[in-house]
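This report concerns the enclosed spaces inside one protein model and the elements around them. Please keep the sequence and the three-dimensional view at hand while reading.

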Amino acid sequence: MLVLDFGSQYAQLIARRVREQNVYCEIVRHDITADRLRERSPKGIILSGGPASVYDQGAPKCDPGIFRLGIPVLGICYGMQLACEALGGQVKQAKSREYGRARCRITSHADLFAGIPDETDVWMSHGDQVSSVSADFLPLAKTDTCPLAAVKHVSAPIYGLQFHPEVTHTPLGTHVLRNFLIDICGCEGSWKLGDFAKETIENVRRRVGKNRVICGLSGGVDSSVTAALLYRAIGSQLSCILVDNGLLREDEEQAVIAEFTKHFKTDLHVVSAEKRFLDALAGITDPQEKRRRIGHAFIDCFKEEAKNIKDAKFLAQGTLYPDVIESGAAADGPAATIKLHHNVGGLPAELGFELVEPLRDLFKDEVRRLGLELGLPDDIVWRHPFPGPGLAVRCLGEVTREKLATLRAADTIVVNEIKAAGLYRQTSQSFAVLLPVQSVGVMGDGRTYENTIAIRSVNTDDFMTADWSRLPYDLLAHMSTRIINEVKGVNRVCYDISSKPPATIEWE
Ligand code: XMP
């Protein structure tokens with residue numbers, strides 16, 4: 001399947017939902033030509049939603065030739081409006097705008113709505129509606145305020161949905177999508193991650209030949225899965241470099257070393273560079289300057305160590321599909337939008353290696369499943385994401401060895417208590433932050449004037465937006481008591497209840 005991206009926040013979600021049905025799917029630019037689409041010969045095309053109005057000047061359009069290819073098309077929201085307008089219909093701002101949940105009545109239970117009850121909840125998210133269609137379209141469903149909530153072309157396999165089947169607020173959305181994929185497009189639903197792994201391993205072998213590949217390990221899931229996959233493909237031709245920057249979480253370095261020396265038996269080079277990083281950070285308080293210095297120190301360490309690895313020709317990176325899409329680097333991918341963030345740990349091209357990026361077609365959840373298939377332990381596969389600059393951006397103000405020790409001890413308590421409460425997998429990122437704030441307290445008979453720890457725990461699908469986790473009070477109380485009792489130098493704990501936006505997940 002190919003999803004044409006009209007700027008929807010949900011385009012990636014559509015692609016994921018399609019892959020969840022074991023149908024391979026990619027996102028492409030909205031202005032891909034009909035000829036290029038024919039060459040790619042997808043079984044079906046999905047036009048994503050998008051924030052624009054089709055009648056606005058400069059609104060993103062698709063090549064109308066797409067509707068004459070005979071390939072099934074499903075337009076979602078803006079995509080439906082575009083298809084109907086291109087084929088003789090009209091789109092207007094809805095009189096009564098329908099955002100959010102709506103009750104949808106199905107008037108035709110043929111193909112797209114096969115097996116769907118007469119009434120079902122759906123999720124709407126656009127101020128415009130298709131107000132009239134040409135005689136070539138049949139209505140399939142309506143809501144109280146939207147007479148054309150779903151339509152179908154009479155003679156071509158073209159369908160439109162005003163609502164979003166890909167979001168969980170449309171409970172039967174997956175069923176509708178499946179009807180489109182399997183019954184209308186004729187997809188088999190046989191794409192498997194295991195097959196993907198086999199194919200990728202073969203491709204890497206062919207490409208790399210007898211050469212050596214270097215892979216940077218960070219302790220995170222993406223680099224670990226990349227290394228595990230490469231190890232399967234080329235075994236002893238793989239060398240890994242782990243830069244210990246002194247900014248990792250408790251025991252992180254040891255866990256990675258144990259896994260990649262005992263289990264995978266890779267040629268692992270550990271660069272102990274704590275002093276070098278801390279020297280570079282001495283006296284620095286500006287967050288961006290901290291990031292810059294960490295980035296430079298990382299590249300220098302990596303470069304120096306890479307020189308000790310003879311005959312390396314390739315560099316493996318754990319780039320994922322969302323990074324590829326967001327950087328505009330996919331072959332037919334949508335234009336560059338926003339890059340996720342200032343990524344530290346990216347290596348410059350002058351290093352002179354050819355890049356191998358075996359995960360560049362996968363989403364994060366697929367990478368995790370792949371990691372499990374490749375035999376990585378749960379602890380690595382389900383580890384919460386950790387920023388490249390590490391604890392330095394959670395130790396506000398100047399970073400020192402002592403402050404890092406305090407932060408690490410508090411962070412371990414936060415993470416362990418969340419795990420003990422069975423909430424680690426339900427939260428997306430949970431950690432401690434050491435604030436540059438001292439406050440007065442009383443411990444035993446004496447007054448104290450000590451540090452503050454903030455606990456941050458968020459839930460998110462994509463890390464672009466996030467909400468604070470509603471952790472139980474008793475758990476918060478327990479974490480607070482433990483941190484104040486066990487971590488020397490801390491006498492106050494706060495819980496961060498800000499969402500992103502306007503706050504960010506990290507504090508710096
Ligand atoms: P923010 O704080 O921007 O974080 O809401 C979003 C996600 O990105 C991670 N993050 C980083 N990752 N280098 C990284 O590799 C960085 O400089 C960086 N800053 C934030 C953060 O942990 C969260 O998962």
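The following paragraphs describe the cavities of this model, then one helix and one buried residue.

## Cavities

The model is predicted. It contains two cavities of 30 Å³ or more. The table sets out their volumes and the make-up of their linings.

| Cavity | Volume | Lining residues by class |
|---|---|---|
| Largest | about 50 Å³ | four nonpolar, three polar, three charged |
| Second largest | about 40 Å³ | seven nonpolar, three polar, no charged |

The lining of the largest cavity includes Arg249, His384, Pro385 and Arg394. Asp411, Val415, Tyr424, Gln429, Ser430 and Phe431 also belong to this lining. Which elements each supply at least two residues of it? They are helix H13, which covers residues 401-420, and strand E17, which covers residues 429-443. Strand E17 gives the most to the lining, with three residues.

The second largest cavity is lined by Ile106, Phe113, Ile116, Thr120, Val122, Phe163, Thr170, Leu172, Gly173 and Val176. Two or more of its lining residues come from strand E7 (119-125), and two or more from helix H4 (173-184). No charged residue is found in this lining, whereas the lining of the largest cavity has three.

## Helix H4

Helix H4 deserves a separate description. Its twelve residues should span 16 Å at 1.5 Å a residue, because the expected span is 1.5 Å times one less than the number of residues. The end C-alpha atoms of H4 are 15 Å apart, which agrees with that expectation.

Which residues of H4 are buried? They are Gly173, Val176, Leu177, Asn179, Phe180, Leu181 and Ile184. Gly173 and Val176 also appear in the lining of the second largest cavity. The buried residues of H4 pack against helix H1 (11-20) and against three strands: E3 (45-47), E4 (73-76) and E11 (158-161). Just after H4, Gly186 adopts a positive phi of about 75°.

## Met124 in strand E7

Strand E7, which contributes to the lining of the second largest cavity, also contains Met124. Is Met124 buried or exposed? Met124 has a relative accessible area of 2%, and it is therefore buried, since buried means under 20%. Met124 and Gly489 are 365 residues apart in sequence. In space, their C-alpha atoms are 51 Å apart.

Notes: Residues are numbered from 1 along each chain as its sequence is written. This is a predicted model: local features need pLDDT of at least 70, side-chain atom pairs count only at pLDDT 80 or more; totals for chains, interfaces and linings use all residues. Side-chain values use heavy atoms; hydrogens and water are left out. On a 1 Å grid over the protein atoms alone, a cavity is a set of points where a 1.4 Å probe fits but cannot get out, and a pocket is an open set with protein on both sides within 12 Å along at least five of seven lines; lining residues have an atom within 4 Å of a point. Grid points are joined across faces, edges and corners, and a volume is the space filled by probe spheres set on the points. Helices (H or I, at least four residues) and strands (E, at least two) are DSSP runs, numbered from the N terminus. Ala, Val, Leu, Ile, Met, Phe, Trp, Tyr, Cys and Pro count as nonpolar, Asp, Glu, Lys and Arg as charged, and the others, Gly among them, as polar. Buried means under 20% relative accessible area, exposed over 50%, partly exposed in between (1.4 Å probe, protein chains only). Contact means heavy atoms within 4.5 Å.
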